[in-house]
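Work through the exercises below with the sequence and the 3D view side by side. Each task is followed by a solution that goes step by step.

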Amino acid sequence: MSETSAPNSAPSTPSANRSALTAAQRNAVAELLRVSPVADELGRRFTRAGHELHLVGGSVRDALLGRLGEDLDFATDAHPDETLRLLKGWAEATWETGREFGTIGAQRDGLRLEITTFRAESYDQVSRNPVVRYGTNLADDLRRRDFTVNAMAVSLPAHDFTDPHGGLDDLADKVIRTPGTPAESFGDDPLRMLRAARFAAQLRFAVAPEVRAAMRAMAADLDRITAERIRDEFTKLLCGVDPITGLRLLVDTGLADRFLPELSGLKLEIDEHAQHKDVYEHTLTVVGNAVRLEEAGCDFVLRLAALMHDVGKPATKAVGPDGRVSFHHHEVVGARLTRQRMKALRYPKDVIGQVVGLVGLHLRFYGYGRGEWTDSAVRRYVTDAGELLPRLHKLTRSDCTTRNRRKAAALAADYDALEERITRLAAEEDLARVRPDLDGNAIMELLGVPPGPIVGRAWRHLKELRLERGPLDRDEAEAELRRWAREQGVTG
């Protein structure tokens, strides 16, 4: 692979990094050989038509890191109509969902390809959406990209490597910088500030001091970005391998204040006698604990619930006569605030419901160790959690951040005991489907009533009875229904 660099490339890396660069280049060659049958074939089609084609952006970065996936990004001087013409008869499928941004999608041999016309887009400093202008050359296209590690290209099929902004050096140094000045880059697209935090979380890269300073100075510009774009970047950040680094960066630069002020708000003033723990640091620890309990990749619902579980504390903080601090009903307030924030960020209703449910339930376990829970309380815990129960187990365990080893061990033992009790009751009573012992049809038949409110009231009464006493046999259930009907004055 040959290398091309512009005069403004970063200076040579220290000798300690030279071996890393060599390894990165070897990774890139190996990764490109894996996809080159498709990529090079496509490159030859464009070349024969008199056009350029380059593998660009995250695809080159990931190839250098040895982690190139099945989604490949290309840049070309061909316009979308010409790209479609060149793909016809070669691609197994094409799509035009990104056409307004100059992007045509295609599929070939299990690879998803996105081919975008050279761009020189920028924001007009007022609009919430980019103004797309087609560029005419690779240099301009790379200059407008977000970060130097994403501003590299490999030509196809020649495999010439282009790195005009020192991206390879920054990749070796694990640092996030912008091709031009940070102010210019973030002025063009303020979402890039949030993307810098996302890459810090995903790649465990440090953000260059000048980039961090610009993020702090220009945080308010994030208000120009749509909620949906912010939501998508934040979701990727929270699902990064190191979300804590990304979250700290959001708070330290003031970006969190623009779209997630509840996170910054967790930095409560600690009283001089330390009567309550640092809620902000506690929350980040809970998120980290939740990540470690995941079983198969990112569980976004669990991570966001861990992040939001204590957001109700600032509004409920109270200091008693003895100087002790309390946060009564902060789970209720937190659930409400979580719903409001997630709706503002346009999350789907089902995702909102799951996260809010976990926030509202996260305190239910405490008190179990005092021996106050009856079988009825366990049934209600399981029923109220429903399908969220496995996540609730993880959230509750993650919420134990005490440094007192004896207390931590006691809490863990208590929750072990609760899970064992749930398992025993589930085996005996099918807790996954706690329903009344009589269904609606049986209720109508026994009471001689038509469908309507009475049936619903009777059904709810029998469910409460089922939660309180466990399963009833048919005779007991019918006797209880008739007793309830007499007390309610219900007659058929």
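**Exercise 1.** Find the helix in which Tyr280 lies, decide whether Tyr280 is buried or exposed, and list its contacts beyond its neighbours in sequence.

*Solution.* In this predicted model, Tyr280 belongs to helix α13, which covers residues 279-293. The next step is its accessibility: the relative accessible area of Tyr280 is 2%, and since buried means under 20%, Tyr280 is buried. Once the neighbours within four places in sequence are set aside, Tyr280 is in contact with Leu247, Arg248, Val251, Leu263, Leu266 and Lys267. A last step looks further along the chain, where Leu307 is 27 residues away from Tyr280, with 9.5 Å between the two C-alpha atoms.

**Exercise 2.** Describe the largest pocket by its volume, by the residues closest to its centre, and by the elements that give two or more residues to its lining.

*Solution.* Begin with the volume, as the largest pocket holds about 1500 Å³ of space. Its lining is made by 44 residues, of which Asp73, Glu114, Arg119, Arg195 and Lys236 are the closest to the centre. Then turn to the elements: two or more lining residues come from each of α2 (58-64), β3 (71-76), β5 (103-108), β6 (111-117), α7 (191-203) and α9 (227-238). Helix α7 gives the most to this lining, with 7 residues. Finally, sort the lining of the largest pocket by class, which yields 21 charged, 12 polar and 11 nonpolar residues.

**Exercise 3.** Test whether the length of α7 agrees with what its number of residues suggests, and then find out how many of its residues are buried.

*Solution.* Helix α7 has 13 residues, and at 1.5 Å a residue, counted for one less than the number of residues, the expected span is 18 Å. The C-alpha atoms at the two ends of α7 are 18 Å apart, which agrees with that expectation. For the second part, 12 of the 13 residues of α7 are buried, so the helix is largely enclosed by the rest of the structure. Among the buried residues of α7 are Leu191, Met193, Arg195, Phe199 and Leu203.

**Exercise 4.** Which helix holds Ser59, and with which residues is Ser59 in contact when its neighbours within four places in sequence are left aside?

*Solution.* Ser59 is placed in helix α2, one of the elements that give two or more residues to the lining of the largest pocket. Its relative accessibility is 2%, and therefore Ser59 counts as buried. Apart from neighbours within four places in sequence, the contacts of Ser59 are Leu68, Asp71, Leu72 and Asp73. Of these contacts, Asp73 has also appeared among the residues closest to the centre of the largest pocket.

**Exercise 5.** Examine the backbone at Pro157, Arg204 and Arg346, and say where each of these residues lies.

*Solution.* As a starting point, most residues other than glycine have a negative phi, and most peptide bonds are trans. The peptide bond from Leu156 to Pro157, however, is cis, with omega near 10°, and Pro157 lies in the loop between β7 (153-155) and β8 (160-162). Arg204 is not a glycine and yet takes a positive phi of about 60°, in the loop between α7 and β10 (206-207). With a relative accessibility of 53%, Arg204 counts as exposed. Arg346, likewise not a glycine, has a positive phi of about 65° and is found in the loop between α16 and α17 (349-361). Its relative accessibility of 47% means that Arg346 counts as partly exposed.

**Exercise 6.** What is the volume of the largest cavity, and which residues line it?

*Solution.* A search of the whole structure gives 3 cavities of 30 Å³ or more, and the largest cavity has a volume of about 50 Å³. Its lining consists of Phe234, Leu260, Leu304, Met308, Thr338, Arg341, Met342, Leu345 and Tyr347. The elements that supply two or more of these residues are α14 (300-308) and α16 (330-344), and α16 gives the most, with 3 residues. By class, the lining of the largest cavity has 7 nonpolar residues, 1 polar and 1 charged.

Technical notes. Residues numbered from 1 in each chain as written. Predicted model: local features only at pLDDT ≥ 70, side-chain atom pairs only at ≥ 80, totals over all residues. Heavy atoms only, no water. 1 Å grid on protein atoms, 1.4 Å probe; cavity = no way out; pocket = protein on both sides within 12 Å on 5 of 7 lines; lining within 4 Å. Points joined across faces, edges and corners; volume = space filled by probe spheres on them. Helix = DSSP H or I, 4+ residues; strand = E, 2+ residues; numbered from the N terminus. Nonpolar A, V, L, I, M, F, W, Y, C, P; charged D, E, K, R; others polar. Buried < 20%, exposed > 50% of the residue type's maximum accessible area, 1.4 Å probe, protein only. Contact = heavy atoms within 4.5 Å.
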